[in-house]
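Here are some exercises to try with a protein model open beside you. Work through each task by yourself, then compare your steps with the solution.

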2 protein chains.
Amino acid sequence: VPRIRLDIAYDGTDFSGFARQPGLRTVRGTLEEALEATGVQADVWGASRTDAGAHAEGQVCHFDTENPMPADRWARVLNDLLALDVRVLRSRSVGPDFDSRFCAIDRHYRYRLLCGAPDPFRGRFAYATHRSLDLDAMARAARSLQGRHDFRAFTEELDPGVDNTVRDLFSVSVRAVRDEIWFEVVGTAFLRGMMRRMAGAIFEVGRGARDPASIARLLAGEAVTLPVVLPARGLTLVRVRYGRHPRDHRS
Amino acid sequence: VPRIRLDIAYDGTDFSGFARQPGLRTVRGTLEEALEATGVQADVWGASRTDAGAHAEGQVCHFDTENPMPADRWARVLNDLLALDVRVLRSRSVGPDFDSRFCAIDRHYRYRLLCGAPDPFRGRFAYATHRSLDLDAMARAARSLQGRHDFRAFTEELDPGVDNTVRDLFSVSVRAVRDEIWFEVVGTAFLRGMMRRMAGAIFEVGRGARDPASIARLLAGEAVTLPVVLPARGLTLVRVRYGRHPRDHRS
């Protein structure tokens, strides 16, 4: 069965996350309903199960269909059916070995802190704070998160069956972008709530409420105050990267 | 009684407009409820009664209060009480002769057409179109709106008591801003629905569905097809201007 890849973006505010949940408006459920309206009954799989309220600029999904429509037309067809808070940026045909979740090489997330004047147009997309933040201390703390660590202290109660809490973060950075501070992380995969807890720890360091050295102690499993969980609205899945060659998909 | 001026901004999507309406969430009602939570029972008056779904970057309001709190603190106090889609940008003390509505010299509105790739983050703030638009024709048509005209063809059924439909538009322009087209108008005052109908006429000209010369015929009261009304979501009140000197307020 031919497989279609969808690159999508969404304002997650009015979604109960990506994953399908009965009775709730979810990104996956919304996509599957739009497909159903075109006569296609298919499961839609995504690279990342973003939290309720979190956003995506570059989520990647796939589904299988016998519908012979040229693959690039799906974007337009689905956009005409979808609500304005989720958009298909691109649709294309992929081989049967492409899996949006398992072939992803890495995922790039951004957490936005709004430090400037109040702005009702960014309130859905950034966490606003009045506090003055120490950008240098935040950047130092961010560097200590980089690399391969056990991120157990940065996740919620573990789902049964999840016991490996070691993850690789290739790049962790903090930078000022106009009147915002962006905390950005690129890694293979993330534990549930991990980005919002890492952002919380960095925020605590920035406002002087946490010793930057305590991040390393959290990673070492020492008994240190756990980080605050920042609201999902500041979080965006920026991009999911795949290999250039088909065989990279297996890595 | 001391008078406070509030400069506010809002994402109008989830408001039934500025004006108070029983049982509906409105900008004015929301502000008055926030004031009430601080113990202040006051009417809030605004420069412009924006439509349901329309936005403001620079709406101006005023209210009277005996509360002795320094005027500039109201912004912070109200922002802590208000939902994130409406923000007080600034609060300050004004004289008793300042009236946010009647002292306004002019109002600046913007209508945004999104012509680029689909974008879920701007779907609330711009009207998206797939059509290719003739920017030069739109700019020519815009110029014919400038000046003093009878805008009866650009408003909805008149409220009883409203019979003067002549308005002065100081500046009417169309320009490309990245992947958007902005239709911007500065004028003393606007009739109900007038911005969305002018934007509709300009949009029709841009997509080749209306002769640019028909704009002048609409203004002359000739029997010409009335313009389409574009959705409120593309409309933003950008700024309200007041005189530099108190006496200018009366002009």
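The exercises below go from confidence to the interface, and then to single residues and their partners.

Before you start, note that this is a predicted model, in which local features need pLDDT of at least 70, side-chain atom pairs count only at pLDDT 80 or more, and totals for chains, interfaces and linings use all residues. Residues are numbered from 1 along each chain as its sequence is written, chains are lettered from A and ligands numbered from 1 in the order in which they are written, and side-chain values use heavy atoms, with hydrogens and water left out.

**Exercise 1. Find out how confident the predictor is in chain A.**

Step 1: Recall that pLDDT is the predictor's confidence in each residue, from 0 to 100. Chain A has a mean pLDDT of 94, and 97% of its residues reach 70 or more.

Step 2: Look for weak spots. Over residues 247-251 of chain A, pLDDT stays under 50. Where pLDDT is low, the predicted coordinates should not be read in detail.

Step 3: Turn to the complex, for which the predictor gives an ipTM of 0.83 and a pTM of 0.89.

**Exercise 2. Describe the interface between chain A and chain B.**

Step 1: Count contacts (heavy atoms within 4.5 Å). Here 25 residues of chain A are in contact with 25 residues of chain B.

Step 2: Take the buried area, which is the accessible area (1.4 Å probe) that two parts lose on being put together, summed over both. Chain A and chain B bury about 1,700 Å² between them, with 71% of it on carbon and sulfur atoms.

Step 3: Ask which elements take part; helices (H or I, at least four residues) and strands (E, at least two) are DSSP runs, numbered from the N terminus. On the side of chain A that touches chain B, S1, S3, H2 and S4 of chain A each supply at least two residues. S4(A) gives the most, with four residues.

Step 4: Check for salt bridges (a side-chain nitrogen of Lys or Arg within 4 Å of a carboxyl oxygen of Asp or Glu). The rule finds zero across this interface.

**Exercise 3. Work out the surroundings of Ser91(A).**

Step 1: Place the residue: Ser91(A) lies in strand S4 of chain A.

Step 2: Is Ser91(A) buried or exposed? Buried means under 20% relative accessible area, exposed over 50%, and partly exposed in between (1.4 Å probe, protein chains only). At 5%, Ser91(A) is buried.

Step 3: Follow the side chain of Ser91(A). One partner is the backbone oxygen of Ala71(A), at 2.6 Å, and another is the backbone nitrogen of Ala75(A), at 3.0 Å.

**Exercise 4. Trace two salt bridges that link distant parts of a chain.**

Step 1: Start in chain A, where Asp85(A) and Arg25(A) form a salt bridge with their closest N and O atoms 2.9 Å apart. Asp85(A) is in the loop between H2 and S4, Arg25(A) in the loop between S1 and H1, and the two are 60 residues apart.

Step 2: Compare their accessibility. Asp85(A) is buried at 11%, while Arg25(A) is partly exposed at 31%.

Step 3: Move to chain B, where Arg241(B) pairs with Asp106(B) at 2.6 Å between the closest N and O atoms. Arg241(B) belongs to strand S10 and Asp106(B) to strand S5, 135 residues apart. Arg241(B) is partly exposed at 40%, and Asp106(B) is buried at 2%.

How values were computed. Polar contact = N/O pair within 3.5 Å; in protein donor to acceptor, adjacent residues only side chain to side chain.
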